[in-house]
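User: I should like to study a protein model with you, one question at a time. Please let me see the sequence and the structure before we begin.

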Amino acid sequence: MNLADLNKIARAMTAPGKGLLAADESGGTIKKRFDAIGVESTENSRRDYREMMFRSKDAMSNFISGVILYDETIWQDAADGTPLVKLIEQAGAIPGIKVDEGTQALPNCPGELVTVGLDRLAERLAKYYERGARFAKWRAVIDIGHGIPSMTAISVNAHALARYAALCQQAQIVPIVEPEVLMDGDHDIDRCVEITTRVLNKTFQELRLQRVALEGIVLKPNMAIPGKKSPTQASIAEVAEKTVRMLKNCVPAAVPGIAFLSGGQSGEDATAHLDAMNRIGGLPWPLTFSYGRALQAAPQKAWAGKTENVAAGQQAFTHRARMNSLASKGEWTADQETKKAA
Ligand code: 13P
């Protein structure tokens, strides 16, 4: 392992004014997104949609540091035969790959999940590296509910994240370590902080135990945020302040960068929260975005599967990428949302 090179990539992934596009929806998830806009999910429609984003020159060159791809996409070519990975590289962004194989029910823990995909991961990583991937992603899912999460679920998921991270570094690939505490329940923001703190602490304990070099990872956490069904929602300032405190308590300064997931927040909320955190400032790591839904909901709607809407889709994508770029520097303001891109 060359740690200096891993660190260089991790820093490029979280470089000032840039963040990650999570375009790694599985077949099932992208079908759900396409159903919502009335588009049939086929190999070609998935390709066309993602090609539209990767060919958004302004967004890809100026605001997006890297793209997380799904296995199907990393092997696909654009309509003109150029590999999609090349489009990303030509724009100056870094290709990455989701390598977990989804979740399975965790035995003895009703309602809880464990992320799988460690078997043969070393061989898969070597092939992805050869194709151009320089970072990877593995997502653990922790749900908050009555009597959950159990320590068992937190522990096995942290163990798997660290196993994955160690294998990535051995393959000269930067692991994005993503322990996602879901915002699906009716819990309040303090319960989210309590559980996320426990999850982050366990995750870093496992990373250390398995000798993962913290200078060669990127952390992808959830924000401190109330459940969607909570009767007490939180202000932007409260989310920002509690998230920053939580991260300062749990994340070593050696970590080169933190890139949040959006987790079901609206595009604008995800931007406003990131901006408010960066305005607090004085943090040991850059805070940026690694958004899926919060970057793609607008372009999906604008595109709606029609060739004649490609320019509108690209404009919507570029706008959200630019807003999040500003937020990553603490320079976003709500009135910039309505100013049309030149
Ligand atoms: P969301 O931003 O839609 O949560 O997706 C990010 C991601 O990669 C989740 O694994």
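Analyst: Gly-257 is a suitable place to start: this residue lies in the loop between helix H10 (236-250) and strand S9 (258-260). Please bear in mind that the model is predicted.

User: Is Gly-257 buried or exposed?

Analyst: A residue counts as buried when its relative accessible area is under 20%. The relative accessibility of Gly-257 is 0%, so this residue is buried.

User: How far apart are the C-alpha atoms of Gly-257 and Thr-203?

Analyst: Along the chain, Gly-257 and Thr-203 are 54 residues apart. In space, the separation of their C-alpha atoms is 16 Å.

User: Which residues are the closest to the ligand?

Analyst: The ligand is surrounded by 13 residues. Strand S6 (135-142) and strand S10 (287-291) each contribute at least two residues to this shell. The closest residues are Lys-137, Lys-220, Ser-262, Gly-263 and Arg-293.

User: How many residues of the shell around the ligand are charged?

Analyst: Lys and Arg belong to the charged class, together with Asp and Glu. The shell also holds 3 nonpolar and 4 polar residues. The number of charged residues is 6.

User: What is the distance from a polar side-chain atom of Ser-262 to an oxygen atom of the ligand?

Analyst: Two other side chains may be considered beforehand. An N or O atom in the side chain of Lys-220 is 2.6 Å from a ligand oxygen, and for Arg-293 the corresponding distance is 2.7 Å. For Ser-262, the distance is 2.4 Å.

User: What percentage of the area that the ligand exposes when taken alone does the protein bury?

Analyst: Taken alone, the ligand exposes 300 Å². The ligand sits in the largest pocket. Of the area exposed by the ligand alone, the protein buries 93%.

User: Is Ser-56 buried or exposed, and which residue offers the backbone oxygen that its side chain reaches?

Analyst: Ser-56 is in the loop between helix H3 (43-54) and helix H4 (57-62). Its relative accessible area is 4%, and therefore Ser-56 is buried. At 3.1 Å, the side chain of Ser-56 reaches the backbone oxygen of Met-52.

User: Is Pro-16 buried or exposed?

Analyst: Pro-16 occupies the loop between helix H1 (3-13) and strand S1 (19-23). Its C-alpha atom is 9.6 Å from that of Ser-65, a residue 49 positions away along the chain. The relative accessibility of Pro-16 is 77%, so this residue is exposed.

User: Which residues does a cis peptide bond join?

Analyst: Most peptide bonds are trans, so a cis bond deserves attention. Here one such bond has an omega of about 10°. Its proline is in the loop between S6 and helix H8 (151-170). The residues joined are Ile-148 and Pro-149.

User: What is the phi of Arg-211?

Analyst: Most residues other than glycine have a negative phi. Arg-211 is in the loop between helix H9 (189-209) and strand S8 (218-219), and this residue is exposed, because its relative accessibility is 75%. The phi of Arg-211 is positive, near 60°.

User: What is the relative accessible area of Ala-304?

Analyst: Ala-304 is in the loop between helix H12 (293-303) and helix H13 (310-328). Its phi is positive, near 50°. Ala-304 counts as partly exposed because its relative accessible area is 22%.

Definitions and conventions:
Residues numbered from 1 in each chain as written. Predicted model: local features only at pLDDT ≥ 70, side-chain atom pairs only at ≥ 80, totals over all residues. Heavy atoms only, no water. Near = heavy atom within 4 Å. Polar contact = N/O pair within 3.5 Å; in protein donor to acceptor, adjacent residues only side chain to side chain. Areas by Shrake-Rupley, 256 points an atom, 1.4 Å probe, with all protein chains shown as cover. 1 Å grid on protein atoms, 1.4 Å probe; cavity = no way out; pocket = protein on both sides within 12 Å on 5 of 7 lines; lining within 4 Å. Sits in = over half its atoms within 2 Å of the grid points. Helix = DSSP H or I, 4+ residues; strand = E, 2+ residues; numbered from the N terminus. Buried < 20%, exposed > 50% of the residue type's maximum accessible area, 1.4 Å probe, protein only.
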